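This report describes one protein chain for a reader who has not seen it before. Please look at the sequence and the model, then read on.

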Amino acid sequence: MTHIVLTGAAGRAGRVTLVRLLEAGHRVTAVDTQPVTPPQGSFPGTLVAHLRADLTDLGETLEVMQGADAVVHLANIPAPGLQAPHRTFVQNIGMNHSVFTAAVMHRLSRVVWASSETTLGLPFDQPPRYAPIDEDHYPLPESSYALSKVLTESMAEQFSRQSGIPFVALRFSNILGPDDYRRFPAQAWPDPQVRRWNLWGYIDERDAAEACQLALAAPLEGAQSFIIAAADTVMPTPSADLMREVFPGVPLRQGLAEYGTLLSIERAREMLGFNPQHSWRDTLKTESQVR
């Protein structure tokens, strides 16, 4: 049993990750500025504490991470356009530097943290260089949010090199769940241009949580970064057809499955053992059968 500090525990990814870590037998300290609501009235394991903290403040960050073995850091302004660009940049960089500093000062065994698919060039107003894109399609920040993640990946390299602690960046795709999938037929399917901004990618919230759990245990050294996406796209159209229609002329790499993701997860499969289990197809197929 390991004591994990989970930041951003009240957020979309944080709520399901909290449950997954508790189910895996970890003791968890949940950190957020907002209340953390237990599923169905109770948590499935040992919740050490729910603490509210300003993670841009190093003193508060050191306090909430006292006694932990590792941290899963999901707290950040989660997307561009939610705050003024400068505020997004300053808040995210400040939080990340505080958490990384505290992790090193407390000699934690590992830091797992939420980077972003935006570091790869999103939104794709200009065509990608190739598809499926992989970790080498980096860095191409197009917003202050993406830039905060790119600079934090560089920060993680420095902290890891100086401390010897593994730092694992999870470049999450658009985190969605069953309620979102029910809107695909009306909102995404009629026009492939609507979701071109991230090559029609997504990650189920439950698979995002599983990626966090895997990243805590995988045999890794140094600072590593992984694309975390579903195995398919949000569209019922073959992936190669989508690319030919919306991004004609972009080279397609070998091995692309008929409906396969255009955000390659091969590195995460190989090094984390990541194998996404959830798809919008399962939700809509099951509900169609019920009707």
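About 12,900 Å² of the chain is exposed, and carbon and sulfur atoms supply 50% of that area; accessible areas come from the Shrake-Rupley method with a 1.4 Å probe, and for residues only the protein chains shown count as cover. The model is predicted: local features need pLDDT of at least 70, side-chain atom pairs count only at pLDDT 80 or more, and totals for chains, interfaces and linings use all residues. Residues are numbered from 1 along each chain as its sequence is written, and side-chain values use heavy atoms, with hydrogens and water left out.

Of the 291 residues, 53% count as buried (buried is under 20% relative accessible area, exposed over 50%, partly exposed in between, with a 1.4 Å probe and protein chains only). The radius of gyration is 19 Å, which agrees with the value near 19 Å for a compact globule of 291 residues; this radius is taken over C-alpha atoms, and the globule rule is 2.2 Å times the number of residues to the power 0.38. Along the principal axes, the C-alpha atoms fill a box of roughly 50 × 45 × 40 Å.

The chain has ten helices and nine strands (DSSP runs numbered from the N terminus, H or I of at least four residues for helices and E of at least two for strands). Among contacts with a separation of 6 or more, 74% join residues 24 or more positions apart, a contact being heavy atoms within 4.5 Å.

Helix α3 (residues 85-105) contains T88, which is buried at 2% relative accessibility. Leaving out residues up to four places away in sequence, T88 touches I77, Q83, S144 and Y145.

Eleven salt bridges are present, each a side-chain nitrogen of Lys or Arg within 4 Å of a carboxyl oxygen of Asp or Glu. Three of them are listed here.

| Salt bridge | N to O distance |
|---|---|
| R12 and D180 | 2.5 Å |
| D204 and R206 | 2.7 Å |
| R269 and E266 | 3.3 Å |

R12 lies in helix α1 (residues 12-23) and D180 in helix α5 (residues 178-181), so their bridge ties together parts that are 168 residues apart in sequence. R12 is partly exposed at 34% relative accessibility, whereas D180 is buried at 12%. Both belong to a network of salt bridges that also links R183 and E205.

D204 is buried at 0% relative accessibility, while its partner R206 is partly exposed at 35%. R269 and E266 sit three residues apart in helix α9 (residues 266-272), about one turn of the helix.
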